[in-house]
Amino acid sequence: MLNSVIAGLSSGGGYALLGLCVVLTYRLVAVVNFAMAAVGAMGAFTMVSLTDDGLNVWPALLLGVAVSAALSGILGAVLIRWFGEHNERTKAAVTVAVYVAVMAVGLRLFGATSTGARRFPAPFDGALFRIGDVVVSQAVLVSIAFAVVITVGVELMLRKTLVGLRLQALSERPGTAQVVGISAPRLATAVWVAIGALTALVIILVAPRLGGDFSTLGKLIVTALAVAMVGGFRNLPLTLAGGLLLGCLEGMSAAMESVREYRGVVPFLVILVLLWWRSRHEVWDTAHSR
């Protein structure tokens, strides 16, 4: 059981990173981006396709990240240009449409679940240390450390730097931000590009463990949304904790033979429980405010 939980922490670090990308997109540009994981998977598969053709892994990595960054930037530019005045539901619906399109193109280019599995580089698969019979891999430390660095770094940037203050102004009062001289379209597009690049890196990091096919990696958006809901789409530390918790729950379910085949349902259960809990509190608060 302990071995499964520790193995789940590796996945949990990846889940936390994806959840953080969802939260950052929502906090900084006020969009729930359903296409995020599919766009990141496009970059990841671009990289692995180039390495299969003989290109060195580092140039291939840069090109793959650039592809995701460009696709994400284009999506952001479209939302800013044609849907800037629409509400959040309309923008989310646009990203759902883009998700369907990117998944269709990705499956056509890279194959389906049974035919398109690729071997991704796994530089962090080695053992880091042992706790009795339990082996803790380097991937556990790397994924958790990456998630912590992103969480702390972004919080410090938003609170302590001029760029962070401008980003907060952009997300909370975009019209006012533009009036006082902040280039809202340019700054928002830069956020989309950065999130696209970061998502590609995360997908490449988690691909060796979570599956090497485009369909599985693109559908990680479900898990990312479940993790983001733990943090209420705003709280980065809670999102980090939610990702680690979800990874541990999946690890525990994998160790239980009776529920092993249903461990993919865990993100859906998390979403349902959180929706129920928050709706319950809303009803309670409304009743006491009367």
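In this predicted model, helix H2 is mostly covered, with 14 of its 17 residues buried. The helix runs over residues 36-52, and at 1.5 Å a residue it should span 24 Å; because its end C-alpha atoms are 25 Å apart, the expected and modelled lengths agree. Just after H2, the chain reaches Gly 54, which takes a positive phi of about 105°.

Beyond that glycine comes a partner of H2, namely helix H3, which covers residues 57-83, and the axes of the two helices come within 8 Å and cross at roughly 155°. An angle over 145 degrees counts as roughly antiparallel, and therefore H2 is described as roughly antiparallel to H3. The crossing of this pair is right-handed. On the H2 side, the residues making the contact include Val 39, Gly 40, Gly 43, Met 47 and Leu 50, while on the H3 side they include Val 57, Ala 60, Gly 64, Val 67 and Leu 71. In an α-helix there are 3.6 residues a turn, so residues three or four places apart point the same way.

H2 also takes part in contacts with Leu 217, and these lead to the nonpolar core. The largest such core has 75 residues, and among those with the most contacts inside it are Val 22, Phe 120, Phe 214, Leu 217 and Phe 233. Helix H8, residues 184-210, gives the largest share of this core, 14 residues. What does Leu 217 contact, leaving aside its neighbours within four places in sequence? Its contacts include Ala 37, Ala 41 and Phe 45, together with Phe 120, Ile 203, Ala 207 and Gly 211.

Conventions: Residues are numbered from 1 along each chain as its sequence is written. This is a predicted model: local features need pLDDT of at least 70, side-chain atom pairs count only at pLDDT 80 or more; totals for chains, interfaces and linings use all residues. Side-chain values use heavy atoms; hydrogens and water are left out. Helices (H or I, at least four residues) and strands (E, at least two) are DSSP runs, numbered from the N terminus. The expected span of a helix is 1.5 Å times one less than its number of residues. Buried means under 20% relative accessible area, exposed over 50%, partly exposed in between (1.4 Å probe, protein chains only). A nonpolar core is a set of buried Ala, Val, Leu, Ile, Met, Phe, Trp, Tyr and Cys residues joined through side-chain atoms within 4.5 Å. Contact means heavy atoms within 4.5 Å. Axes are lines fitted to C-alpha atoms, for helices over the stretch in contact, and angles run from 0 to 180 degrees between N-to-C directions. Angles under 35 degrees count as roughly parallel, over 145 as roughly antiparallel, 65 to 115 as roughly perpendicular and the rest as oblique. A crossing is left-handed if the near helix is turned anticlockwise from the far one by less than a right angle, and right-handed if clockwise.
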